[in-house]
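Visitor: Before we begin, I would like to go through this model slowly and ask, for each label, what stands behind it.

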Amino acid sequence: MDDGPSVRVLPDRPPVVIPPVPTGAPPASLVVPLLIGAAVTVAIGAYARMHEPTGIAVSVAGFSSPMTVKVWLGSGAALFAVVQLLSAMAMWGRLGGFSPSWAGAAHRWSGRVAFLLTVPVAVHCLYALGFADYDARTLLHSLFGCLFFGVFTMKMLALPKQGLAGWVLPVAGGLLFTVLMGIWVTSSLWYFTTFGVGT
């Protein structure tokens, strides 16, 4: 007698575990940029403290004194820093629908110009004035000045790294902008409100 096809019940098998697929480079680390940035900050602060201020600074034709050169170059750096902040916000879609194609180029070039303008200011401060702590304003200005180049170094070293968390560069840029504004407020703005706007 034919009973038809038979059905064989297989035992339950354990689920197959698929190993994770490598996604590329491991997450980037900020340890090295942070350490080098901190070293730059400390080195500039140590030099400014130990170096005997010379009081000698190079003036520029058209300005009444080296101090006015310093405060106007600092104001130029602050202006380009604002341009860089706005262009970054446009790139990240934080200005509503305003996100022109030239925002990236404006961001890069405004940053470069802002940094170049800070270099003669820093040379003037370090060589001619040194680390000043006569009062709260000069102390804050000296600390901001040392911190600026450390944060800048850290950001530049972190910039080419692949795999950074999305918040790293905006936070680094925001910190750099804040420190530069601190420098401007404790120097250029103080000068303009104390002695007037002039060259």
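Visitor: At what angle do the axes of helix α3 and helix α4 cross?

Guide: This is a predicted model, and in it the axes of α3, residues 103-129, and α4, residues 136-158, come within 12 Å and cross at roughly 135°.

Visitor: Why is α3 called oblique to α4?

Guide: The crossing angle is roughly 135°, whereas roughly antiparallel is reserved for angles over 145 degrees and roughly perpendicular for 65 to 115 degrees; the value belongs to neither range, and therefore α3 is oblique to α4. The crossing of these two helices is left-handed.

Visitor: Which residues of α3 and α4 meet?

Guide: On the α3 side they are Phe-115, Thr-118, Ala-122 and Cys-125, and on the α4 side His-141, Phe-148, Phe-149 and Phe-152. Sorted by class, this contact has six nonpolar residues, two polar ones and no charged ones.

Visitor: What makes α2 and α3 roughly antiparallel?

Guide: Their axes lie 8 Å apart and the packing angle is about 155°; since angles over 145 degrees count as roughly antiparallel, α2 and α3 are therefore given that description. Their crossing, too, is left-handed, and the residues of the contact divide into 18 nonpolar, ten polar and one charged.

Visitor: How many disulfides does a search of the whole structure find?

Guide: The search finds zero disulfides. For Cys-125, the nearest cysteine sulfur is that of Cys-146, at 9.6 Å, and for Cys-146 the nearest is in turn that of Cys-125; a disulfide would require the two sulfur atoms to be within 2.5 Å, so with 9.6 Å between them Cys-125 is in no disulfide.

Visitor: Why are Cys-125 and Cys-146 each called buried or exposed?

Guide: Buried means under 20% relative accessible area, and Cys-125, at 17%, therefore counts as buried. Cys-146, with a relative accessibility of 7%, is buried as well.

Visitor: What is the relative accessible area of Ser-75, and how is this residue classed?

Guide: Ser-75 lies in helix α2, which spans residues 66-91, and its relative accessible area is 13%, so this serine is buried. Leaving aside residues up to four places away in sequence, Ser-75 touches Trp-184, Ser-188 and Phe-192.

Visitor: Why is Arg-49 called partly exposed?

Guide: Partly exposed covers values between the 20% limit for buried and the 50% limit for exposed; Arg-49, at 48% relative accessibility, therefore counts as partly exposed. This arginine is found in helix α1, residues 31-50, and, not counting residues up to four places away in sequence, it touches Phe-131 and Asp-133. The C-alpha atoms of Arg-49 and Ala-132 are separated by 8.0 Å, although these residues are 83 apart along the chain.

Visitor: How many helices and strands does the protein chain have, and what share of its residues count as buried?

Guide: The chain has five helices and zero strands, which gives the pattern α-α-α-α-α when read along the sequence. Of its 199 residues, 33% count as buried. Among contacts between residues at least 6 apart in sequence, 76% join residues at least 24 apart.

Technical notes
Residues are numbered from 1 along each chain as its sequence is written. This is a predicted model: local features need pLDDT of at least 70, side-chain atom pairs count only at pLDDT 80 or more; totals for chains, interfaces and linings use all residues. Side-chain values use heavy atoms; hydrogens and water are left out. Axes are lines fitted to C-alpha atoms, for helices over the stretch in contact, and angles run from 0 to 180 degrees between N-to-C directions. Helices (H or I, at least four residues) and strands (E, at least two) are DSSP runs, numbered from the N terminus. Angles under 35 degrees count as roughly parallel, over 145 as roughly antiparallel, 65 to 115 as roughly perpendicular and the rest as oblique. A crossing is left-handed if the near helix is turned anticlockwise from the far one by less than a right angle, and right-handed if clockwise. Contact means heavy atoms within 4.5 Å. Ala, Val, Leu, Ile, Met, Phe, Trp, Tyr, Cys and Pro count as nonpolar, Asp, Glu, Lys and Arg as charged, and the others, Gly among them, as polar. Buried means under 20% relative accessible area, exposed over 50%, partly exposed in between (1.4 Å probe, protein chains only).
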